[in-house]
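User: I would like to learn how to read a sheet and one residue within it. Can you take me through an example?

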Amino acid sequence: MTERTFSIIKPDATEKNLTGAVNAVIEAAGLRIVAQKRIKLSQAQAEKFYEIHNERPFFGELVEFMTRAPVVVQVLEGENAVARYREVMGATNPAQAAEGTIRKLYADSVGENSVHGSDSLDNARIEIAQFFTDDEIVG
Ligand code: CMP
């Protein structure tokens, strides 16, 4: 089934000028970037986006990291895009990520792990709606 998922290229990757390199892996995996913009997340946007983690010990660190430099928010489209992108990203902890995945190639640590991808189709819809209007997505 053709799906859409939500992606963030995180500050560790944009700081290292890796936007194009990450996008090359995404596109080589057969996912189409149907919307994309570079933005600086506000503290409120980061706190809302990661609301589900607000009781975790790393929440403060996570919000600080996500707001320290620009991110690139994206909508990716393709066959089983949610699961496919999670494969392409690799495990949350780059030390456990498979060869060829974005996190294995580029990520520094479990916190600074280069990319985010939605974990379900429902969350993809919710996350896309936080950053994009329908007319910004050109499939
Ligand atoms: P993401 O997929 O964006 O969703 C939650 C994020 O929390 C995750 O990627 C990591 O960046 C971050 N995270 C998860 N576990 C830890 C941890 N143990 N320490 C710091 N950050 C973490």
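Analyst: What follows goes from the sheet to one strand and then to one residue in that strand. The model is predicted.

User: In what order do the strands of the open sheet lie, and how are they paired?

Analyst: Strand order is read across the sheet, not along the chain. Here four strands form an open sheet in the order E2-E3-E1-E4, and their pairing is antiparallel. From one strand to the next, the twist averages 20 degrees.

User: Which are the edge strands?

Analyst: An edge strand pairs on one side only, and here that applies to E2 (32-39) and E4 (115-117).

User: How many bridges join E4 to E1?

Analyst: E4 and E1 (residues 2-9) run antiparallel and are joined by three bridges. In this pairing, Val 115 of E4 has Ile 9 opposite.

User: Which strands does helix H5 lie across?

Analyst: H5 (residues 81-89) lies across E1, E4 and E3 (71-79), and runs at about 35 degrees to E1.

User: Now the single residue. Is His 116 buried or exposed?

Analyst: The cut-off for buried is under 20% relative accessible area. His 116, a residue of strand E4, has 12% relative accessibility and therefore counts as buried.

User: What is His 116 in contact with, leaving aside neighbours within four places in sequence?

Analyst: The contacts of His 116 are Phe 6, Ser 7, Ile 8, Lys 10, Phe 49, Tyr 50, Tyr 85, Met 89, Arg 103 and Glu 127.

User: Which side chain makes a polar contact with that of His 116?

Analyst: The side chain of Glu 127 does, at 3.1 Å.

How values were computed:
Residues numbered from 1 in each chain as written. Predicted model: local features only at pLDDT ≥ 70, side-chain atom pairs only at ≥ 80, totals over all residues. Heavy atoms only, no water. Pairing = 2+ DSSP bridges. Helix = DSSP H or I, 4+ residues; strand = E, 2+ residues; numbered from the N terminus. Axes fitted to C-alpha atoms, helices over the stretch in contact; angles between N-to-C directions. Contact = heavy atoms within 4.5 Å. Buried < 20%, exposed > 50% of the residue type's maximum accessible area, 1.4 Å probe, protein only. Polar contact = N/O pair within 3.5 Å; in protein donor to acceptor, adjacent residues only side chain to side chain.
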